[in-house]
Amino acid sequence: MHLVAKNVLLLRRLNRVVLGVAVVVYVGLLAIAIHEKVGPLAVFSTCIMLAEVLVFQIVRTVCEFIDSKIGS
């Protein structure tokens, strides 16, 4: 069980790092889209960011579920 808890902690850290990188890329793409006046790029990057947030929430929920099973 200790190994599972350690892996869950590592997964949480990795999840936060990936979300942080995704936010930086998103802001960069939006800046390019605004500067170059390319609307479809803004829509595309927003869709990708929403997908990343969804994955972040799924991983967070799975981690909380695993924690609840370890704790009980």
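Helices are DSSP runs of H or I with at least four residues, while strands are runs of E with at least two, and both are numbered from the N terminus. With that in hand, K37 is easy to place: K37 sits in the loop between α1 and α2.

Before we go on, a word about the model. This is a predicted model, in which local features need pLDDT of at least 70 and side-chain atom pairs count only at pLDDT 80 or more, while totals for chains, interfaces and linings use all residues. Residues are numbered from 1 along each chain as its sequence is written, and side-chain values use heavy atoms, with hydrogens and water left out.

**The two helices**

Two packed helices are described by the angle between their axes and the distance between the axes. Here, helix α1 covers residues 2-36 and helix α2 covers residues 39-71; their axes come within 10 Å and cross at roughly 170°. That makes α1 roughly antiparallel to α2. The axes are lines fitted to C-alpha atoms, for helices over the stretch in contact, and the angles run from 0 to 180 degrees between N-to-C directions. Angles under 35 degrees count as roughly parallel, over 145 as roughly antiparallel, 65 to 115 as roughly perpendicular, and the rest as oblique.

Which residue classes make up the contact of α1 with α2? The contact has 22 nonpolar, three polar and six charged residues. In this scheme Ala, Val, Leu, Ile, Met, Phe, Trp, Tyr, Cys and Pro count as nonpolar, Asp, Glu, Lys and Arg as charged, and the others, Gly among them, as polar.

**A salt bridge between the helices**

Side chains of opposite charge can pair when their charged atoms come close. A salt bridge is a side-chain nitrogen of Lys or Arg within 4 Å of a carboxyl oxygen of Asp or Glu. How many salt bridges does a search of the whole structure find? The search finds one. R12 forms a salt bridge with D67, and their closest N and O atoms are 2.5 Å apart. R12 lies in helix α1 and D67 in helix α2, so the pair ties together parts that are 55 residues apart in sequence.

**Buried or exposed?**

Buried means under 20% relative accessible area, exposed means over 50%, and partly exposed is in between (1.4 Å probe, protein chains only). The table puts several residues on that scale.

| Residue | Relative accessible area | Class |
|---|---|---|
| R12 | 25% | partly exposed |
| D67 | 29% | partly exposed |
| C47 | 47% | partly exposed |
| C63 | 1% | buried |
| V24 | 60% | exposed |
| I32 | 46% | partly exposed |
| V55 | 43% | partly exposed |

Two cysteines appear in the table, C47 and C63. The structure holds zero disulfides, a disulfide being a pair of cysteine sulfur atoms within 2.5 Å.

**Back to the loop**

Most residues other than glycine have a negative phi, and most peptide bonds are trans. What is the phi of K37 near? The phi of K37 is near 55°, a positive value in a residue other than glycine. K37 counts as exposed, at 75% relative accessibility.

**Distances along and across the chain**

I32 is found in helix α1. The C-alpha atoms of I32 and H2 are separated by 45 Å, with their positions 30 residues apart along the chain. V24 is also in helix α1, and its C-alpha is 29 Å from that of A5, which is 19 residues apart from V24 in sequence. V55, by contrast, has its place in helix α2. The C-alpha atoms of V55 and L9 are 46 residues apart along the chain and separated by 17 Å.
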